[in-house]
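Here is a short tour to follow in your viewer. Please have the model open and your selection tool ready.

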Amino acid sequence: MQPNKILPIDSGLPSDTFNYVCRGTTMTLTALWDAKNQGYQTATLQASEDGKNLYSRLGFKEYGDFHIYQ
């Protein structure tokens, strides 16, 4: 594996998308699998409140907050 390769994940699925959990899980796991095969060791993401539980179930851990000021 190559050191220090980090994959940012941003699926951009809105919370009202049909079958959100299934599609979000499939898209995320596919991206992670492909990244692992390319030598990535770490993945990062910015989850919405709607997506937080999905990513938690996939093993992601919360390390901080990202605030958007408008």
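The stops below cover salt bridges and then a pocket, in a model that is predicted.

**Stop one: the salt bridges.** Start by selecting K52. Which residues does K52 pair with? One partner is E49, whose side chain meets that of K52 in a salt bridge with N to O at 3.7 Å. Now add E62 to the selection: E62 and K52 form a salt bridge too, and their closest N and O atoms are 3.5 Å apart. This second pair links distant parts of the chain, since K52 sits in helix α2 (residues 52-57) and E62 in the segment after α2, 10 residues apart. With E49, K52 and E62 all shown, you have a network of salt bridges on screen. The count for the model is two salt bridges.

**Stop two: the surface.** Keep those three residues selected and switch on a surface. Are they buried or exposed? E49 is exposed, at 63% relative accessible area, and E62 is exposed as well, at 54%. K52 is partly exposed, with a value of 33%.

**Stop three: the largest pocket.** Its volume is about 750 Å³. Select L45, Q46, A47, K61 and E62, which are the closest to the pocket's centre among its 28 lining residues. E62 should look familiar, as one member of the salt-bridge network.

Next, colour α1 (20-37), β2 (42-45) and α2, each of which supplies at least two residues of the lining. Which element gives the most? That is β2, with four residues. To finish, colour the lining by residue type: you will find 13 nonpolar, nine polar and six charged residues.

Note on methods:
Residues numbered from 1 in each chain as written. Predicted model: local features only at pLDDT ≥ 70, side-chain atom pairs only at ≥ 80, totals over all residues. Heavy atoms only, no water. Salt bridge = Lys/Arg side-chain N within 4 Å of Asp/Glu carboxyl O. Buried < 20%, exposed > 50% of the residue type's maximum accessible area, 1.4 Å probe, protein only. 1 Å grid on protein atoms, 1.4 Å probe; cavity = no way out; pocket = protein on both sides within 12 Å on 5 of 7 lines; lining within 4 Å. Points joined across faces, edges and corners; volume = space filled by probe spheres on them. Nonpolar A, V, L, I, M, F, W, Y, C, P; charged D, E, K, R; others polar.
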